[in-house]
Amino acid sequence: MVRSFRLYGLQLIQARNRAQLQRREWSLLTVLLLCLVTWLCVTDTLQRVDHLIHDAGGRVLAPPANPRIVIVAIDDRSIDAIGRWPWRRALHAQFIRQASEQSPQAIGLDLLFGEEDADYPGDDLLLAQTIASNGKVVLPVTRRGVGLQGALDAPLPLLREGAAQLGHVHVEVDSDGVARRLYLYEGPKSAPRPHFSLAMMCAAGERYEGCDGPALPPAEAEWAKERQRVIPFAHGTQPDHTFTTYSYIDVLKGDIPPDAFKDKLVLVGATATGLGDMFAAPVGPEAERIPGVELVAHALNARIDGLRIIPAPTSWNLVFNLLPVAAALMAVLLLGPFAALVACGSMFFLMLIVGGGSTLMTGWQFSPAAGMVGVLLCYPLWSWRRLSAAALFLRKEMHDLMQDGVQLPSPPVVRVHRILPSDFLERRIHAVEQASQQLRELHHFVTDILRQLPSPTFVCDSLGVITLANAGASRLVEETTDEPVGHALSELLSDLVHTESGAPLLPSNPLRWVDIPSQQECRDDEGRYFLLLCKPFSANTNSGWLVTLVDLTDMRRAQKQRDEALNFISHDIRSPNASIITLLEMHREYPDQVPMKELLPRIERYAQSSLSMAEGFVRLASAQSQTYKLARFDLAALMEEAVDDAWAAAQDRHVQVRLESRPDVAPCHGDRSMIGRTIGNVLSNALKFSPRDGVVHCNLSSDDGFWVISIRDQGPGIPEDQRSSLFKPYRRLHEGSHPGVGGIGLGLALVHTVIQRHGGHIDVLSEAGQGTEFRLHLPKSMPDGA
């Protein structure tokens, strides 16, 4: 047991060390991954991956193109029809007059008129008058220079004075060369200009900050950018154009619907090849190049729909990336391999969906690539560490099993055509599997042996709760519970008490079981005797009690019968013989006091009594152990013979014996002599207790497969408290009430034995002062096992 406790303590230390090592490795992995994700978020190293996710989500959730926006394209067809660029400004004045006839909300000329027309000076004045006459024309401004240094490049003062608003047309190009963002306000630091889309809304009658008309701020060297926004690119219903688009030449010719510009926001810009700015934009499965006027249209579409999308703040973006990684790390620590894999995969796709699809819903554009990389690395890195720990554990287990004497068989040689042999972990798993199989077989072997033990056996834990019970134990407590496992042993065996003191055998507190002897005799409420064997055990991590009950009932009954037989031999049979010897000695010493004529009858009487007792003892022993001679006979005839044999004794006692009813034939199967002796004993017993001139009534009847022999006397009856001892050997119930009646108490014991061995039973009906009736039930055919 000391060695078991040492092994148990060693296993506890090893388990605690493994748990500490696991926590340290997990903590180190957590710190490394969280630091990696933080660095990736702060440095924006995975910007291109984030752009791919944003572009995919933007295409899936793209808002529809607003029908209020109309683009008039200076396209290749218009260049071919009108001539090479630049065109005369009188032509643009004509366009504005024709468009104004349809009452548009605003007209945005994304054309930079920064220099005077030297060939046609009058066209500048004509265009300026037309712009002023319309009153809702927006002109662009741009920047000359790079970085934070630059100058504002604006239209001619003549044209600018008649414009409704001035707006910048700059967009931000990301590191992959794709335009996705812009600044709502950009220009000199003292008064930055609104974006062209915002200026269009101001010209249409909306009021926004910075819309202060065509006035320009004083020239400054420092350039400012404010309020960055993400462009939500719209999707259109036309295959070639996102927004409603008309060719410039068609407008001049009047080949457009009469209400094409009515209440619309009209944008005019160059789309012809080699003319104007072209930007790469994520408007399709692959980034396509679109003209600057269309970028303005997408920004204007977001402004109309009230979409406000900005890059998420760095702190919130960091939280957005770190939380899923932390959740994945907790999953790999707490969940099983498959559940952890599902959790990590769910986190990965959740970040992908939220990062790509939450922009339009939240107004913040998160960058999930860093967190997705952290989640993606979490499971394989932790699995690698766990596999390493598992391989180390398997190697140690194999070593320990070999140290304990478990033979590890070599793996069977299986000829399989493989490109690569089995890996290291597979070989170790196979070796431990073989050893575990041996241990399982040994466990089943020991369990089966325990279950097949004939004596009731219980295995209990340290708290006295049954963990294993064999078939004998289940039969012992079947009246209390169907399944003893899980119950407290002291409760199931509560009826067991000490044989001598009568105190409960097992204390209800298992901690006190150590004080009870390893062997002690007990008995239960049914009068059964047991020898209880209680032995503690301790095996590694398990400790408890092994309790076995050896049934001593038959042995105790045999011992009791032996004691009664010895008492009978030493007292009852010895007493007549001692009386004979005493008479002979008295006759020898005093012949005159005991004459011969008195001596011989007295000696004969004592000898007959001794012989009668010996015959009764021998008959009872034969009835209990002798093999019966079974045969068919007539019970009615046997009944008549028994009554006839009792006639002489009845005459001596002045008692009548009447056979009142019987069938003509009563076929029965059994030992005729034993049954005849049984009937004779009952008749003899009835004659002994019948009063003078009394009557003994005898009957033989049939009752549901049995022959019933009824013998009723008119004696004093049997008290109810003495009936339980009526058929026990050597019990003379009449010693106090009828001392003159002879007998040693073996007659009814023989009756009970013979009737039972024939498969029958006895009923006794008796009332004080009313006599006693014995009913012997004998089966008409011998039952199996009788």
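With a relative accessibility of 8%, Arg-180 counts as buried in this predicted model. The side chain of Arg-180 meets that of Asp-176 in a salt bridge, with an N to O distance of 2.6 Å. Asp-176, in contrast to the buried arginine, is partly exposed, its relative accessible area being 25%. Both residues belong to a network of salt bridges that links Asp-55, Asp-174, Asp-176, Arg-180 and Arg-181. One member of this network, Asp-55, is among the buried residues of helix α2.

A search of the whole structure identifies 12 salt bridges. One of the pairs is formed by the side chains of Lys-225 and Glu-172, at 3.1 Å from N to O. Because Lys-225 lies in strand β9 (residues 223–230) and Glu-172 in strand β6 (residues 172–173), this pair ties together parts that are 53 residues apart in sequence. Lys-225 is partly exposed, with a relative accessible area of 36%, whereas Glu-172 is buried, at 17%. A further salt bridge joins Asp-524 to Arg-528, whose closest N and O atoms are 2.7 Å apart. Here the acidic residue, Asp-524, is buried, with a relative accessible area of 4%, while Arg-528 is partly exposed at 24% relative accessibility.

Helix α2 comprises 14 residues (47–60), for which a rise of 1.5 Å a residue predicts a span of 20 Å; the end C-alpha atoms are indeed 20 Å apart, in agreement with that value. The buried residues of α2 include Asp-50, His-51, Ile-53, His-54 and Gly-57. Of these, Ile-53 is touched by Leu-352, which also touches Met-372, when residues up to four places away in sequence are not counted. Leu-352 is located in helix α11 (residues 337–357) and is partly exposed, with a relative accessible area of 31%. The C-alpha atom of Leu-352 is separated by 8.1 Å from that of Ala-369, a residue 17 places away along the chain.

In helix α5 (residues 121–134), the buried positions are Asp-123, Asp-124, Leu-127, Ala-128, Thr-130 and Ile-131. Viewed down the axis of α5, these residues fall within an arc of 165° and therefore line one face of the helix. Such an arrangement may be set against the geometry of the α-helix, in which residues three or four places apart point the same way because there are 3.6 residues a turn. The buried residues of α5 pack against α4 (89–100), β3 (137–144) and α6 (157–162). On the face of α5 turned away from the buried side, Pro-121 and Ser-133 are exposed. Gly-135 follows α5 and has a positive phi, near 80°.

An open sheet of 5 strands is arranged in the order β23-β25-β26-β28-β27, with mixed pairing. The edges are occupied by β23 (656–661) and β27 (761–767); each has a single partner strand, so one side of each is left without a neighbour in the sheet. Neighbouring strands are turned against each other by 15° on average, direction ignored. Within the sheet, β25 (residues 695–703) and β26 (residues 706–712) pair in the antiparallel sense over 7 bridges, and Asp-703 stands opposite Phe-706 in β26. Helix α19 (residues 635–645) packs on the sheet and touches β23, β25, β26 and β28 (771–779). The direction of α19 makes about 175° with that of β25.

How values were computed: Residues numbered from 1 in each chain as written. Predicted model: local features only at pLDDT ≥ 70, side-chain atom pairs only at ≥ 80, totals over all residues. Heavy atoms only, no water. Buried < 20%, exposed > 50% of the residue type's maximum accessible area, 1.4 Å probe, protein only. Helix = DSSP H or I, 4+ residues; strand = E, 2+ residues; numbered from the N terminus. Arc of directions from axis to C-beta. Contact = heavy atoms within 4.5 Å. Expected span 1.5 Å × (residues − 1). Pairing = 2+ DSSP bridges. Axes fitted to C-alpha atoms, helices over the stretch in contact; angles between N-to-C directions. Salt bridge = Lys/Arg side-chain N within 4 Å of Asp/Glu carboxyl O.
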